[in-house]
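This report is for a reader coming to the structure without background. It covers the nonpolar cores, the salt bridges and one loop residue.

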Amino acid sequence: MFELNKKDVEKSKKEFEKLLDGYFSEKRNISEGKVTKGKVVALEKGFVIVDVGLKAEGKIPIREFTNLDEIVDIKVGDEIEVFVEKIENIRSEAVLSRDRARKEESWIAIEKAYSNKEKVNGIISSRIRGGMAVSLSGGLNAFLPGSQIDVKPIKDINSILNTPLAFEILKIDKRRGNIVISRRSILEKERVEARDELFSSIKEGAVMTGTCKNITDYGVFVDLGGIDGLLHVTDISYNRISHPQEALTIGQEVKVKVISIDKENKRFSLGIKQLTQDPW
């Protein structure tokens, strides 16, 4: 009768323990409520069978792998990330989800964008109480408060519905699934950048066309295409004017000359009379 000596027994025991430790170590690294990598091992009717290294494989409804054209974008051998809902159910199967894995990936991307103050893309899908519902590119939904839609009131909200737009994240709460975003903050930053660019391009002595934006007792604020300049009452005409309204009206287009530039405060002093020769 064949007998193992003590040395062979010890060796076999250690090899078995090593294999067992490796199995349980791998299993411990897969936790419920976490995303892990898996391999597609089969496509059955209505299900994708995925092996994530557990005792049993998991079934995922095939609808979770369809794209916008309802085409199944998966094949045997593909490595994918899945969300582990249960390591083992009553049928001794792993309960996995591709949709929830995508959602986790989206949350990671959103949190990164929030930390780095990066823009996110989305589409305003509908009007809800207090603002608008926005579908973000990663599949998450966000709330756009009414005050954060634009820098000015929008008369026709349909003009921006179902259109890809950029947003800034104001607040996130993953536990509650809340994301608050703003479009206004991005528009304000773009306006400041445009003003800075325009300001740097305007030189003293330049002749420009603007629109009378506001009239005060001491002068007129003229919009030069995104940045305002002050046309003092004494620089409107060589003739004596007691009030700017005697010569100009709001909305009127005027040709002006840049008299001086205050770079520190980003202000312009403008003149109309400087465009003609002093009659006196």
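## Nonpolar cores

In this predicted model, the largest nonpolar core is made up of 20 residues. Val 220, Leu 224, Phe 268 and Leu 270 have the most contacts inside this core. Two or more residues come from each of α3, β11, β12 (219-223), β14 (253-262) and β15 (267-271). A second core, separate from the largest one, has 19 residues, among them Ala 113, Leu 144, Ile 169 and Ile 181. In soluble globular proteins, nonpolar side chains tend to be buried together.

Which residues does Phe 268 touch, leaving aside those up to four places away in sequence? The list includes Phe 199, Ile 202, Leu 224, Ile 227, Leu 230, Val 258 and Ile 261. Asp 228, Gly 229 and Ser 260 are also touched by Phe 268.

## Salt bridges between distant parts of the chain

Across the whole structure, a search finds 10 salt bridges. One pair is Asp 150 and Arg 183, whose closest N and O atoms are 3.2 Å apart. This pair links distant parts of the chain, with the two positions 33 residues apart in sequence numbering. Asp 150 is in the loop between β8 (141-145) and β9 (164-173), while Arg 183 is in the loop between β10 (178-182) and α3 (184-201). Are Asp 150 and Arg 183 buried or exposed? Both residues are buried.

Another salt bridge joins the side chains of Lys 213 and Asp 228, at 3.1 Å from N to O. Here too the pair links distant parts of the chain: Lys 213 belongs to strand β11 (residues 207-215) and Asp 228 to strand β13 (residues 228-232), 15 residues apart. Lys 213 is partly exposed, its relative accessible area being 48%. Asp 228 is partly exposed as well, with a value of 29%.

## The Lys 75 and Asp 78 pair

Lys 75 and Asp 78 form a salt bridge in which the closest N and O atoms lie 3.1 Å apart. Lys 75 has a relative accessible area of 52% and is therefore exposed, since exposed means over 50%. Asp 78 counts as buried because its relative accessibility is 19%, and the cut-off for buried is under 20%.

## A loop residue

Where is Lys 45 found? Lys 45 sits in the loop between β1 (34-44) and β2 (47-51). With a relative accessible area of 83%, Lys 45 is exposed. Lys 45 and Ile 62 are separated by 17 residues in sequence, and their C-alpha atoms are 8.3 Å apart in space.

Terms used
Residues numbered from 1 in each chain as written. Predicted model: local features only at pLDDT ≥ 70, side-chain atom pairs only at ≥ 80, totals over all residues. Heavy atoms only, no water. Salt bridge = Lys/Arg side-chain N within 4 Å of Asp/Glu carboxyl O. Buried < 20%, exposed > 50% of the residue type's maximum accessible area, 1.4 Å probe, protein only. Helix = DSSP H or I, 4+ residues; strand = E, 2+ residues; numbered from the N terminus. Core = buried A, V, L, I, M, F, W, Y, C linked by side-chain atoms within 4.5 Å. Contact = heavy atoms within 4.5 Å.
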